[in-house]
Amino acid sequence: MRIKAKKSRLRTLRTVTQWAMFLFVAVLALVKYLKEIGVVIPLPEISLHAVCPFGGVVTVYEFLATGGLVQKLHSSALALMVIGLLVAFLFGPIFCGYFCPLGTWQEWIGKLGRKLFKKKYNRLVPRAADKYLRYLRYIVLGAVVYQTAVTAKLVFADVDPYYALFNFYTGEVAFTAILILIAVTLLSLLVERPWCKYFCPYGALLGLFNLIHIFPVRRRESTCIHCKKCDAACPMNITVSTGDAVRSHQCITCHECLSGLACPVEDTVIVAAGKGGKQA
Amino acid sequence: MKLKPQATVFFSILLVLAGILGSWALGWWQTDSGKTPQRLETLNAMGEAGAYDPADIRGSYTLSEINNLYEVPLEDLADAFTVERSRASGFKLKDFETLFPDPDSEIGTSSMKLFVAWYKGLPYELKEESFLPAPAAAILREKAPLSQEQHAYLDSHTLPAADKGR
């Protein structure tokens, strides 16, 4: 009974934060668009680029080299980048698991995919290929940062499905970004969070903090019943059940594996600081 | 030390809000670039210091704002870039792509930077190849203090007005 109550609270919290962030970003984009076409609204006009922490990442080189920022970006993006890295250092990529609207979008589509493909859902990519494909996002991260540094332009905007998702109706989105958004949406029917797993450059950066962050997900071997429900619940296909701490660069800190959610034993898969143990 | 997962979420939200508040208090929280470009420290061709830097022209500027900031007549701006005079005032530079839809036409914000800089005789470093529509080149040749080099650049970087692109 107690576990059910906890389960409900944590899942509700995650659902609320995901919806809130999705609506917040959608409203920001809509307000900006309406103001641009001359509709008077008593709300501030803020570009999505201004509140994008990844914008801060891509403009770091420009900022260090010239003191300026890549076009379309503002100092708020740099501030959010620093804040985002600090949060990731403490709690891991919690932005991905609880707040990223594109992640939420993929999860929503994934629910339909789960109904269509049942147990095959999220198990369709061969493990041998999947293992290497997971490193693609570091290539994307390197390429985006390099190209932005060389051109001093926001090159990622032309392929960014996140920007496309909230601006597809404005006429300001590159065709390539729309195509990538469609591809990600369709892939989400087969694979859970395909953009996050294989392509997301910001997820790649935050994912590195899984190796060092202070409060990882930990598994207590002494109480674990080895049911592997934590493994089955992980959207990123991480094997939680074999290690003492989840240190995979792919973890998105969604907490789906925790006791009270997937794990049926109380106080076994938990969030805790501390060192040592075998890593999952 | 064990932490409730809910607490990690609340602490994260708290850190983000505190970080935004802190950066705002320190003056680091800017969500727009404002509408005031940076000023040049060097003299222009007329020996004037402190003019606005044409390199700081942004895609969000309207022709009217460029007219006010850089003191280039609105009619010249409209005619140069084949914008109808009746809608020139509120026309934004980022909307050039509606006038020049060919993605290879190269006519965009950088073209306006070049036009304004040469029109006013302001220093401007060409960081990328910029093309101008024929009317813009004609206005520059007629009204701007161009050097031989600049004339030669226009010879090779002017696009015919008829197809509004390449």
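**Contacts between and within the chains**

D267(A) and K2(B) form a salt bridge across the two chains of this predicted model, with the closest N and O atoms 2.3 Å apart. The count of salt bridges between chain A and chain B is 2, whereas a search of the whole structure finds 14 over all chains. D267(A) is located in the loop between α12 (229-233) and β2 of chain A, and K2(B) belongs to strand β1 of chain B, so the pair joins two chains.

The contact between the chains draws on 33 residues of chain A and 26 residues of chain B. Together, chain A and chain B bury about 2300 Å², of which 67% is on carbon and sulfur atoms. Besides the salt bridges, the polar component was examined, and 7 residue pairs in polar contact, both residues at pLDDT 80 or more, are counted between chain A and chain B. On the side of chain A that touches chain B, at least two residues each are supplied by α1 (2-36), α3 (75-91), α4 (94-99) and β2 (269-272) of chain A. Of these elements, α3(A) provides the largest share of that side, with 9 residues. Sorted by class, the side of chain A that touches chain B comprises 20 nonpolar, 6 polar and 7 charged residues.

Strand pairing also links the two chains, since strands of a sheet pair through backbone hydrogen bonds, either parallel or antiparallel. Here, β2(A) is joined by 2 bridges to strand β1 (residues 2-3) of chain B, and the two strands run antiparallel. Within this pairing, V271(A) has L3(B), a residue of β1(B), as its bridge partner. Strand β1(B) thus contains K2(B), the partner of D267(A) in the salt bridge, as well as L3(B), the bridge partner of V271(A). The sheet as a whole is open and consists of 3 strands in the order β1(A)-β2(A)-β1(B), with antiparallel pairing. Its edge strands are β1 (217-219) of chain A and β1 of chain B, each of which pairs on one side only.

Within chain A, the domain assignment gives domain 1 (2-210) and domain 2 (215-280), and the centres of these two domains, taken over C-alpha atoms, are separated by 25 Å. Their contact takes 27 residues from domain 1 of chain A and 24 residues from domain 2 of chain A. The area buried between domain 1 and domain 2 of chain A is about 2300 Å², with 46% of it on carbon and sulfur atoms; for the contact between chain A and chain B, the corresponding share is 67%.

Between domain 1 and domain 2 of chain A, 2 salt bridges are counted. A salt bridge joins the side chains of R11(A) and E256(A), with an N to O distance of 2.4 Å. The count of residue pairs in polar contact between domain 1 and domain 2 of chain A, both residues at pLDDT 80 or more, is 19. The elements giving two or more residues to the side of domain 1 that touches domain 2 of chain A are α1, α3, α4, α7 (136-151) and α10 (194-199) of chain A, and α1(A) gives the most, with 7 residues. By class, this side of domain 1 of chain A divides into 11 nonpolar, 5 polar and 11 charged residues. Helices α1, α3 and α4 of chain A therefore supply residues both to the side of chain A that touches chain B and to the side of domain 1 of chain A that touches domain 2 of chain A.

Chain B, in turn, is divided into domain 1 (1-31) and domain 2 (54-159). The centres of domain 1 and domain 2 of chain B, taken over C-alpha atoms, are separated by 44 Å.

Note on methods. Residues numbered from 1 in each chain as written. Chains lettered and ligands numbered in written order. Predicted model: local features only at pLDDT ≥ 70, side-chain atom pairs only at ≥ 80, totals over all residues. Heavy atoms only, no water. Contact = heavy atoms within 4.5 Å. Buried area = accessible area lost by both parts, 1.4 Å probe. Salt bridge = Lys/Arg side-chain N within 4 Å of Asp/Glu carboxyl O. Polar contact = N/O pair within 3.5 Å; in protein donor to acceptor, adjacent residues only side chain to side chain. Helix = DSSP H or I, 4+ residues; strand = E, 2+ residues; numbered from the N terminus. Nonpolar A, V, L, I, M, F, W, Y, C, P; charged D, E, K, R; others polar. Pairing = 2+ DSSP bridges. Domains from an automatic or database assignment.
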